[in-house]
Structure formats: C-alpha cells, structure tokens
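This report goes through one protein chain, from its interior to its surface. Please keep the sequence and the model side by side while reading.

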Amino acid sequence: IDEQGTTTCWPSLLALGSSWDGDLVAEVAKAIGEEFRGKGANVVLGPAVNVHRAATGGRTVEYLSGEDPYLGSRLASAYIIAMQQQGVIATAK
C-alpha cells in the first residue's frame, strides 16, 4: 500500500503511558513503525522519555514516562523493541 501523503493521528505517548500496558505500547509502536517504513523512513525521533515534574510544561504529553521513571523504563523498552522489529530505528530522547 502506498502511504505517501497520508497522515495518521496516534495517541499521545502520555496517554499510552497512563495505560500502564506494555503490550498496548508495543502494539501501537509496531503500527507506527509499519507506517514509517511504508513511507520510506528508517528513523523515528522517539520515544521521548523525560520525567516531567510540572503539568504546566507545554510538551509533557510527548513523554512516555509521565512522572514514574520505572514505568517509563518498562514502556520505553517495549516501544523501542516493537519499533525496531519493523526495521525502523527508535531514537530515545
């Protein structure tokens, strides 16, 4: 399927993190990886794994870990493994 010129609205990483579900995170990362690969990309700039301390920060919805570094470490590894199994490099930031 030619995916050039298409757009998908994925759930935010913070929403995925608040699920506490590594399998769900991996499923979404796999789908994102498939889409990126279908568009010819070989690197994704993510997941973002900063631990945010104040909800007033404008980019906190981009962080998979939310306020829990242990949870973030578990979910980030699920995301990265699933993404890289699709042939797309995940660059944790």
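## Terms and basis

A residue is called buried under 20% relative accessible area, exposed over 50%, and partly exposed in between, with a 1.4 Å probe and protein chains only as the basis. The model is a predicted one, in which local features need pLDDT of at least 70 and side-chain atom pairs count only at pLDDT 80 or more, while totals for chains, interfaces and linings use all residues. Residues are numbered from 1 along each chain as its sequence is written, and side-chain values use heavy atoms, with hydrogens and water left out.

## The nonpolar core

The largest nonpolar core (a set of buried Ala, Val, Leu, Ile, Met, Phe, Trp, Tyr and Cys residues joined through side-chain atoms within 4.5 Å) has 16 residues, and those with the most contacts inside it are L16, L64, Y79 and M83. Two or more residues of this core come from each of α1 (13–17), α2 (22–38) and α3 (69–84), where helices (H or I, at least four residues) and strands (E, at least two) are DSSP runs numbered from the N terminus. The helix α3 gives the most to this core, with 6 residues.

Contact here means heavy atoms within 4.5 Å. Once its neighbours within four places in sequence are left aside, L16 is in contact with P11, L24, V25, V28, L64 and L75.

## The loop between β1 and α3

Is S65, which is found in the loop between β1 and α3, buried or exposed? S65 has a relative accessible area of 3% and therefore counts as buried. Its side chain reaches the backbone oxygen of N50 at 2.6 Å, which is a polar contact (a pair of N or O atoms within 3.5 Å; within protein, one must be able to donate a hydrogen and the other to accept it, and residues adjacent in sequence count only if both atoms are side-chain atoms). Apart from neighbours within four places in sequence, S65 is in contact with V49, N50, V51 and G72.

L45 is found in the loop between β1 (43–44) and α3, and with a relative accessible area of 63% L45 is exposed. P47 also lies in the loop between β1 and α3, and the peptide bond from G46 to P47 is cis, with omega near 10 degrees.

## An unusual backbone angle

W20 has its place in the loop between α1 and α2. Although W20 is not a glycine, it has a positive phi of about 60 degrees. The relative accessible area of W20 is 60%, so this residue is exposed.

## Salt bridges

With a salt bridge taken as a side-chain nitrogen of Lys or Arg within 4 Å of a carboxyl oxygen of Asp or Glu, the count comes to 3. One of them joins the side chains of E34 and K30 at 3.9 Å, N to O; both residues lie in helix α2, 4 residues apart, about one turn of the helix. E34 is partly exposed at 39% relative accessible area, and K30 is partly exposed at 41%.

E35 forms a salt bridge with K39, with the closest N and O atoms 3.4 Å apart. Here E35 is buried, at a relative accessible area of 12%, whereas K39 counts as partly exposed at 27% relative accessibility. The side chains of E62 and R59 also meet in a salt bridge, at 3.1 Å from N to O, and E62 counts as partly exposed at 31% relative accessibility.
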